[in-house]
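This report describes a two-chain model, and the sequence and coordinates should be kept in view while reading.

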Amino acid sequence: MRKQRYIRNVATLKLEVDKCSGCGMCATVCPHRVFEVADGKAAIVDRDACMECGACSLNCPAEAITVKPGVGCAVAVFRAIFGRGKGGCDCNCCNTNE
Amino acid sequence: MDGREIQRASSQLSRADRLGGFKVRWAMGRMKYTIEPGLYAIGNPGGEAPVFVTANYKLSFDTLRKELGGLDGWILALDTKGINVWCAAGKGTFGTDELVRRIELTELNKVVSHRKLIVPQLGAVGVAAHEVKKRSGFSVVYGPVRAKDIKAFLEAGMTASEQMRQVRFSLYDRLVLTPVEFVMVGKKLVLIMAAFFILSGLNSKGYSTDLVLSVGSRSAANVFAAFLAGAVISPALLPLLPGRSFSFKGFCAGLVIAIVLALSQLTGGRIETVGWLFLIAALSSFAMMNFTGASTYTSLSGVKKEMTIAVPVQLTAAIIGTGLWLTSRFS
């Protein structure tokens, strides 16, 4: 299946190649296959597929990856603006998925 | 229960399990669809059997145990307050701290002889594998995204193919989320429909109950059609609709539906028809924009960017549409 695409050139994802140890954890955990590892270094090969979940950055032992993690949810953005962000999540996304 | 007590879990889902799964998809009792956090045995596991980590949301737990039929293994259910793995990982409840704590509480190191945990890949949003190793001695192996690939993953010597590592958003994935969408916005939708129903009695001579029945029912139905366009048709046709932003996709679907309704002469006179074009497109766009949270590929940066354009446009279109509709009441 063709990859579904969202808005271009907005992802906050950054990789400092100098720090990268080439362990490949980022490529393993990324749900959208943004990274590839070759010659002992990771590279961002599909930045626009990044959904900013933060898994790569959290699992990078070399702290070479930074991303501003967040949930791409308009309802959550409204809630944050209207100051209801702290209440438990009761929107559709979180309780029907397996 | 105290952490050491190990419960058995079946890999067969009962009729009650399946009914429960159906109900939560319709938003019934979602918030308390949980199981006790802790360690569960599947089959007859020994010290060498693999350990699968999951959330204490019953739908997650059931999906996992169903896929483990015929295997001997352990399920370690983390306390995620009844939220699924991915969303809980995003909130941090399915995370390093809870995982390390649950390993200690269940004394997992005495139950199994190996030091390996199979964590669903999407759990990586909250779990830092190297931290878990440092703090508990257990190494995390990230399993496939979907539980149904677990057997293939085990057979391949605990390696996942690219296919298994990628999140998808299939037609089924999208449609299964639409009923809950209905229930979530249900109240607001009924209020908007009621408002149009009642206001449609207004005319230059005062108030007419005949108009409520004719124009009112038609107007309420059009509002409902707008919602269908944005919350059911747009998600279903997601990859086919133009543009990348969800609000634009919803806007297009709404416009098409509005044109179909207009051609079917269900939108009243000329002024009112133009009003409905604006209103239905705006409502559909808004409903589809709210589907970003249910999707599996939208980023927060992207959602914010689309909202800065879409929300003012939706508001303006809704105001113009309502204005024209009201005008048509008195002309």
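At roughly what angle do the axes of helix H11 (residues 209–236) of chain B and helix H12 (residues 246–263) of chain B cross? They cross at roughly 140 degrees and come within 9 Å, where axes are lines fitted to C-alpha atoms, for helices over the stretch in contact, and angles run from 0 to 180 degrees between N-to-C directions. That angle makes H11(B) oblique to H12(B), since angles under 35 degrees count as roughly parallel, over 145 as roughly antiparallel, 65 to 115 as roughly perpendicular and the rest as oblique. The helices and strands named throughout are DSSP runs, helices being H or I with at least four residues and strands E with at least two, numbered from the N terminus.

The structure is a predicted model, in which local features need pLDDT of at least 70, side-chain atom pairs count only at pLDDT 80 or more, and totals for chains, interfaces and linings use all residues. Residues are numbered from 1 along each chain as its sequence is written, while chains are lettered from A and ligands numbered from 1 in the order in which they are written. The model scores ipTM 0.91 and pTM 0.88. For chain B the mean pLDDT, the predictor's confidence in each residue from 0 to 100, is 93, and 97% of the residues of chain B reach 70 or more.

**Helix packing in chain B**

H11(B) passes H12(B) in a right-handed crossing, a crossing being right-handed if the near helix is turned clockwise from the far one by less than a right angle, and left-handed if anticlockwise. On the H11(B) side the contact is made by B:Asn222, B:Ala225, B:Ala226, B:Ala229, B:Gly230, B:Ile233 and B:Ser234, and on the H12(B) side by B:Lys249, B:Gly250, B:Ala253, B:Gly254, B:Ile257 and B:Leu261, where contact requires C-beta atoms, placed from the backbone, to lie within 7 Å. By class, this contact has seven nonpolar, five polar and one charged residues; Ala, Val, Leu, Ile, Met, Phe, Trp, Tyr, Cys and Pro count as nonpolar, Asp, Glu, Lys and Arg as charged, and the others, Gly among them, as polar.

A second pair is formed by helix H1 (residues 15–25) of chain B and helix H2 (residues 58–67) of chain B, which pack at an angle of about 135 degrees with their axes 10 Å apart. H1(B) and H2(B) are therefore oblique to each other, and their crossing is left-handed. In this pair B:Asp17, B:Gly20, B:Gly21 and B:Val24 of H1(B) meet B:Lys58, B:Leu59 and B:Asp62 of H2(B), a contact with two nonpolar, two polar and three charged residues.

H2(B) is largely enclosed by the rest of the structure, because seven of its 10 residues are buried; a residue is buried if 20 or more other C-beta atoms lie within 10 Å of its own, exposed if 12 or fewer, and partly exposed in between. The buried residues of H2(B) are B:Leu59, B:Ser60, B:Phe61, B:Asp62, B:Thr63, B:Leu64 and B:Arg65. Their cover includes strand S1 (7–9), H1, strand S2 (38–42), strand S3 (51–55), strand S4 (73–78) and helix H3 (85–91) of chain B.

**Chain A and its side towards chain B**

Chain A has four helices and four strands, which run β-α-β-β-α-β-α-α from the N terminus on. Buried residues make up 49% of its 98 residues. In the interface, 40 residues of chain A are in contact with 49 residues of chain B. Helix H4 (92–96) of chain A is among the helices that each supply at least two residues of this side, and H4(A) gives the largest share, five residues. The side of chain A that touches chain B divides into 24 nonpolar, 12 polar and four charged residues.

**Three loop residues**

The table places three loop residues by their C-beta neighbours within 10 Å.

| Residue | Loop | C-beta neighbours within 10 Å |
|---|---|---|
| A:Val34 | between H1 (25–29) and S2 (35–38) of chain A | 23, buried |
| A:Asp39 | between S2 and S3 (41–44) of chain A | 6, exposed |
| B:Gln265 | between H12 and H13 (270–289) of chain B | 8, exposed |

Not counting residues up to four places away in sequence, A:Val34 touches A:Ile44, A:Val45, A:Asp46, A:Arg47, A:Ala49 and A:Cys50. Phi of A:Asp39 is near 50 degrees, a positive value in a residue other than glycine, and phi of B:Gln265, also not a glycine, is positive and near 60 degrees.

Technical notes. Contact = placed C-beta atoms within 7 Å.
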